[in-house]
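User: I am new to this protein and would like a careful look at one part of it, beginning with its cysteines. Please explain each term as you go.

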Amino acid sequence: MKPTQMSRTAQLAVLGLVGFGLPAWACTQIPDARVQQLIVACALVSVLGFFGTVYLVPKVASKTQARGICGKDLNKKGTPEGDRPVPEAVGLAPGCVFLLCVISFQLLHYYDISSLVSFVRSGFQGALRTEPIADAWLVDYNAALATIGFMLFLGFTDDVLDIRWRVKLILPLFAALPLLAAYSGGTGVAVPKPLLSLGLGLPAYLELGVLYKAFMVLLTIFCTNSINILAGVNGLEAGQTFIVACAVLLHNLLAVAGWAGATPAVRDGHLFSSYLMMPLAATTFGLLVFNWYPSRVFVGDTFTYFAGMTIAVAGILGHFSETLLLFLLPQVFNFVYSLPQLFKIVPCPRHRLPVFDPATGLLRPKDAPDWNLVNLTLQLFGRCGENALCIRVLMFQVLSCGLAFGLRYVLQGIYK
């Protein structure tokens, strides 16, 4: 059976099973019982985040639609569905639930999990044991919350005020300021072994200083805008975010388990990243319940900015930005391929969407096609329905993540 012949529920079930299944297996490979307890606790908080998102999305949708923050589905133009107003900016729901999840887990992080379980089983009798949390963890939590919350606010502002593209490009710069101010990690990079072998006198560790922080800003700008411009098809924005979040989470948990020779210092960064990726994956999947084809809500810039910034923060504070870019290969390609239109070298319409044929229900590229991955997929593989187009692009995302894992572990010890 082809994926597009499966029911909507079955498609989401397969996506969720693959996305959550591999990280769940990776968690069983972690030898440290305390760390495993923390990961399970974060997973339980994330499950609550999923149900919270499912509950909140219809509430937010009704409010945004009542305020006129809605649009028409242009990929269904000429059909009854194309005339129905669809609530926009509903990414506010998973964004708020995500922040609540991270704050809740930050509080749980103070407690000995086994002590907390015993406390609940005893009917809340006795005393809870606490474990001191390192200042570095507190700095990372607060910097991440401030940056992601700021970006969520700016994304919702964009949905309401319809900010111009040139302004959108620099919004992540302002949101990243709390992260830059609080960042206390290294500002250098390990020089690849092939370059060291050339005998150029390069140091094994190259200190970049302010250039590294400039790279951090560029990464946040890229991640937020790259998710935003690979869009226009029901389920695509949330779908790519879910796949990347699950891939990053799997990478984090394998590193925490000690695979590929990860050192204890490296594992701490991956562990913190996993505490961000679990609620991101869970809340995004809750959004997909409503945003998957046929979509009942639009995620808006609120979601794409929030999701992109969260992924960027995880890569920066987890210290695996190079690997992160491998997971984002479709977004990198789409961004580079879109540059002629983004910089007005060729005409750039407001909505770079394919053409919908109401007679057949299929999408085709424009006669003068827009320069993005969505239209290129139609050019390469032919006309198809909107659901099939989304699945094709997401399959490319899955293959890219698989390639990233292959390169990451094959080159371990050879590249760096």
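By the rule that a disulfide is a pair of cysteine sulfur atoms within 2.5 Å, how many disulfides does the count come to? Please go on from there to helix H16 and what surrounds it, and add the backbone details of the loops.

Analyst: The count comes to 0 disulfides under that rule. This is a predicted model, in which local features need pLDDT of at least 70 and side-chain atom pairs count only at pLDDT 80 or more, while totals for chains, interfaces and linings use all residues. Residues are numbered from 1 along each chain as its sequence is written, and side-chain values use heavy atoms, with hydrogens and water left out.

Cys 70 forms no bond because its sulfur is 20 Å from the closest cysteine sulfur, in Cys 96, which is too far. Cys 96 is likewise in no disulfide, since the nearest cysteine sulfur, that of Cys 101, is 11 Å away. Cys 70 is partly exposed at 28% relative accessibility, and Cys 96 is partly exposed at 36%, where buried means under 20% relative accessible area, exposed over 50%, and partly exposed in between, for a 1.4 Å probe and protein chains only.

Turning to H16, this helix runs over residues 373-381; helices (H or I, at least four residues) and strands (E, at least two) are DSSP runs, numbered from the N terminus. Leu 373, Val 374, Asn 375, Leu 376, Thr 377 and Leu 378 are the buried residues of H16, and they pack against H11 (236-256), H15, strand E6 (362-364) and H17, with contact meaning heavy atoms within 4.5 Å.

After H16 comes Gly 382, whose phi is positive and near 90 degrees. Arg 383 sits in the loop between H16 and H17 and counts as exposed at 52% relative accessibility. When its neighbours within four places in sequence are left aside, Arg 383 is in contact with Asp 357, Leu 362, Leu 363, Arg 364 and Leu 378; of these, Leu 378 is one of the buried residues of H16. Arg 383 and Val 189, by contrast, are 194 residues apart in sequence and 45 Å apart in space, C-alpha to C-alpha.

H17 covers residues 386-410 and contains Gln 397, which counts as buried because its relative accessibility is 1%. Beyond residues up to four places away in sequence, Gln 397 touches Gln 240, Ile 243, Val 244, Phe 327, Pro 330 and Gln 331.

Other loops have backbone details of their own. In the loop between H12 (264-291) and H13 lies Pro 294, which is joined to Tyr 293 by a cis peptide bond with omega of about -10 degrees. Ala 89, although it is not a glycine, has a positive phi of about 60 degrees; it belongs to the loop between strand E2 (86-87) and H3, and at 0% relative accessibility it counts as buried. Asp 162 is also not a glycine, yet its phi is positive, about 55 degrees; this residue lies in the loop between H5 and H6 and is partly exposed at 43% relative accessibility.

Definitions and conventions
Disulfide = S-S within 2.5 Å.
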